[in-house]
Amino acid sequence: MSRDRVLVLTTGEKDWWWSMAEVLPTVERVWTAIGRSDRAEVRMLRVPLAPDVVEEVLVFAPTRIVVTVVTPGTIEVATSLRQRMAGRPPMILYMYGDATEGLHAFGGFADILTERDTFVCSSEADAAATRRCFPRADVVAIPFPLVDQFVLNRGPQGPVSVRLAYVGRVSEQKNLHTLLLALWIVRAVYGETPGLDVYGAVDGLGSPNMGLTFPDYGEYLRRLTARLGLEDTVTWHGFMPRDWLFDHVHTAPHAMVSPSLHSDENFGSSVLASLVNGQQVVTTEWGGHVAYRQWFPEQLTLVPVHRTTTGPAIDPVALAHAIRLALGRASAVSVSDADLDRARTAFSERIVVARTLTLLDRPCGDAVPLAKSPEQRHLDRQRARFGGGRKIFEDYADPVARLFFEAYGMRAALTFDAGESYVLPPWVELVDGVLRVDDPHRGSTSYPVETEAAEPVILTACPSMDTMRLPLTLAEALVTSGYAFVLPRVTGPATRDVEDDGRRVGLAQLDPGRHAPDPRRGDRSIRA
């Protein structure tokens, strides 16, 4: 068998991005290892390339071209080679949530791709999103081989009492405001006060594909912490170096929590770092997180992501239940080294190299142009309409955005039940006859409230526990858009007397028995 000649185009253009600076070198090491095998001759070049180097590449005549990350630099060289090389050798392109951004980084390169090209995604969710852009694309899911670069615990992972930890960007799409609300529920309903350590800096990016930003999200979270009475349990540490995090967080007793609904949550390296070290993890059933369930069934608790009229959302009560389950497991479940080693192997360089080698055996047919989906063509027009930047969706209610949310894990819709007691989150307030929703993640909206509603419904504000009368139709709209949630059913006398002839949908004395899972057994509302 003749050796393939593989050109690998890589770059330092993404070194500013903390997670990319961790991930990209692992992809480079995979191809370096392949170059040491008898299967392929690999030449790795870092863009930009001098003109004489480009000419040397043409003489090298690669049979395949690998693009480790799509950036202006790598795409410039890849485009030039595709236009100049006879036979148009197939390319292998690594994806990092690019599909959920409407292939923003690809630019015109997306128009010269062929059905011979292969897209490598780090998770099945990201692969599904990529197929939304190119239905006939050759797409494979291969995880990043990060384990070889992680600091790992050795020895039995015994039961311990732990605090919660969040490691990652402090970003609206990471949904930390819902995490704070869940902690309030844990305290208010169950009388438990788990501590939370937050490690990460504010990124200030908002939701670029929606054109949404929220002013000073970090300060908002601190004010929300105080408003919910959680200042004694939540500690904001700011950005910490990677080595410090492994020494003091990932390898130390804790329960990791990630409520992320980020549109390009294609892998989740911080989640993996804690899982491979035997820690309990609570995260959303979203993006790259889902794949971890296969390898860490005794450690991972997944919170379902619901479909709403305004995009994806999680039930803060389900998140609170998942947190209690994980903390209960941490004090009761011991993970063996043998189980951890089996799981770690799936994310090792050895296994990823073996899986990547199979890409060289994929058949190469004719260089048929790779057709974009109608949705991707629509996003191209939307990008031009919005000025050529990163915004491609009208807002979180955009029906095309919904296709990508479903690829990432958005499932069952939230529905209204007149027999339930609903509570409004702190970002929903009634001010001067107008109900305002100021959601840091999905944006702001407002609803005028009729003073004499035909069918009044009483809802409760959090954390004040004040009640308010709202029209039935508005209450339904709040529930189906993810802006009202159900606390445990009330029993006994109400905390606030309400004289009303309409439906009673308020909060009274809480009964922890309902919706309160046994941390040792799990609960149907979460995926453990």
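**Exercise 1. Where does proline 463 lie, and between which strands?**

Solution. The model is a predicted one, in which local features need pLDDT of at least 70 and side-chain atom pairs count only at pLDDT 80 or more, while totals for chains, interfaces and linings use all residues. Residues are numbered from 1 along each chain as its sequence is written, and side-chain values use heavy atoms, with hydrogens and water left out.

Step 1: proline 463 sits in the loop between β20 (456–461) and β21 (467–471), where strands (E, at least two residues) and helices (H or I, at least four residues) are DSSP runs numbered from the N terminus.
Step 2: the peptide bond that leads from cysteine 462 into proline 463 is cis, with omega near 5°.
Step 3: methionine 465 is also found in the loop between β20 and β21, and has a positive phi of about 70° although it is not a glycine.
Step 4: methionine 465 counts as buried at 16% relative accessibility, where buried means under 20% relative accessible area, exposed over 50% and partly exposed in between (1.4 Å probe, protein chains only).

**Exercise 2. Find which residue precedes the cis peptide bond of proline 48, and place that proline in the fold.**

Solution. Step 1: valine 47 is joined to proline 48 by a cis peptide bond, whose omega is about 5°.
Step 2: proline 48 belongs to the loop between β2 (40–46) and α2.

**Exercise 3. Explain why cysteine 121 and cysteine 133 are not bonded to each other.**

Solution. Step 1: a disulfide is a covalent bond between the sulfur atoms of two cysteines, and the cut-off applied here is a pair of cysteine sulfur atoms within 2.5 Å.
Step 2: the sulfur of cysteine 121 has its closest cysteine sulfur in cysteine 133, 9.7 Å away, which is too far for a bond.
Step 3: both residues are buried, cysteine 121 with a relative accessible area of 1% and cysteine 133 at 0% relative accessibility.
Step 4: the structure as a whole holds 0 disulfides.

**Exercise 4. Describe the surroundings of asparagine 175 and leucine 176.**

Solution. Step 1: asparagine 175 lies in the loop between β7 (164–167) and α5, and has a positive phi of about 70° although it is not a glycine.
Step 2: asparagine 175 is buried, with a relative accessible area of 3%.
Step 3: leucine 176 lies in helix α5 (residues 176–190) and is likewise buried, at 3% relative accessibility.
Step 4: leaving aside neighbours within four places in sequence, leucine 176 is in contact with Tyr166, Val170, Tyr217, Leu221 and Pro259, contact meaning heavy atoms within 4.5 Å.
Step 5: the C-alpha atoms of leucine 176 and histidine 441 are separated by 9.5 Å, although these residues are 265 residues apart along the chain.

**Exercise 5. Compare the length of helix α3 with its expected span, and identify its cover.**

Solution. Step 1: helix α3 (residues 72–84) has 13 residues and reaches 18 Å from its first C-alpha to its last.
Step 2: the expected span of a helix is 1.5 Å times one less than its number of residues, and the reach of α3 is close to the 18 Å expected.
Step 3: the buried residues of α3 are Gly73, Thr74, Ile75, Val77, Ala78, Thr79, Leu81 and Arg82.
Step 4: the elements covering these buried residues include β1 (4–10), α2 (51–60), β3 (64–67) and β4 (91–94).
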